[in-house]
Amino acid sequence: VADRREGLGICGWILVSLSFLFVLITFPISIWTCIKVVKEYERAVVFRLGRILSKKAKGPGLILILPCTDIFIKVDLRTVTCKIPPQEILTKDAVTTQVDGVVYYRIHSAVSAVANVTDVHSATFLLAQTTLRNVLGTKSLAQLLAGREEIAHNIQTILDSATDHWGIKVARVEIKDVRIPVAMQRAMAAEAEAAREARAKVVAAEGERNASKALKQASMVLTESPAGLQLRYLQTLTTLAAENNSTIVFPLPINMLEALGQKNRGG
């Protein structure tokens, strides 16, 4: 602060003294032009003869400025929602997509936001558009669809580091929607349907194989125990009786059927 006051020079101090003297002479009328109110969510950057008065913005509350020599700029510190319009992006695997997003940021240094950039909000908006296009251009369509959170975090990190000297803190980045051509949507749907059918056939084949193994083991157990075969027959009759009482099943051994067939051919 001392260095800034010394930089005013003799002429600067003379003008400041005259301004202060004018306030004293016209007091209390001039006090109404010297008192300014800064809201809780605002900060005031005061310029005295074109130089920033202090390294820290003033406010909130009442602040005093000198007429003719001081001017001030109010800076809003609330979170700003920046909507990125749909961007035409060519992905890494040569697929044209339209992607839009939202960036949430706020000003944490009012002095930097006023002194280091002409229009901090416009600059942040254009940088967010460029960063979105650059980052998504290095990703394939599958990575874009499956890794939105990771991509949004990368964009947030890049924006935060690039806008730090502007006094900007990027709080969050969200990718809203990814639009792909209709022909590509149909191709992806056909590919997904074919993959599902292939998986269904594999699952059905595995089920048949497991069932055949189980039936083989069961037949081996029943062959070793004839009583078990009779119990299985009675259990089957119980099941059929519960469903349809008029149906009765009598099992015949395969050997008996073969013997009858041989007799018929011999006769």
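**A tour from Leu 49 to Ala 94**

Start by selecting Leu 49, in the loop between strand S2 (42–48) and strand S3 (strands are DSSP runs of E of at least two residues and helices are runs of H or I of at least four, numbered from the N terminus). The model is predicted, so local features need pLDDT of at least 70 and side-chain atom pairs pLDDT 80 or more, while totals for chains, interfaces and linings use all residues. Residues are numbered from 1 along each chain as its sequence is written, and side-chain values use heavy atoms, without hydrogens and water.

Leu 49 has a positive phi, near 55°, and is not a glycine. Its relative accessible area is 33%, so Leu 49 is partly exposed (buried is under 20%, exposed over 50%, partly exposed in between, with a 1.4 Å probe and protein chains only).

Next, add Ile 10, Ile 14, Leu 15, Leu 18, Phe 20, Leu 21, Leu 24 and Ile 25 to the selection; with Leu 49 they form a nonpolar surface patch of about 900 Å² accessible area together. Patch residues have over 30% relative accessible area and no salt bridge, with nonpolar side chains (Val, Leu, Ile, Met, Phe, Trp, Tyr) joined within 5 Å and like charges within 9 Å. Areas come from the Shrake-Rupley method with a 1.4 Å probe, and for residues only the protein chains shown count as cover. A salt bridge puts a side-chain nitrogen of Lys or Arg within 4 Å of a carboxyl oxygen of Asp or Glu.

Within that patch, pick Ile 14, in helix H2 (residues 9–25). Ile 14 is partly exposed because its relative accessibility is 45%.

Move to Pro 60, in the loop between strands S3 (51–52) and S4 (61–64). The peptide bond joining Gly 59 and Pro 60 is cis, with omega about 0°.

Finish at Ala 94, between strands S6 (80–90) and S7 (96–107), in the loop. Ala 94, also not a glycine, has a positive phi near 60°, and at 59% relative accessibility it counts as exposed.
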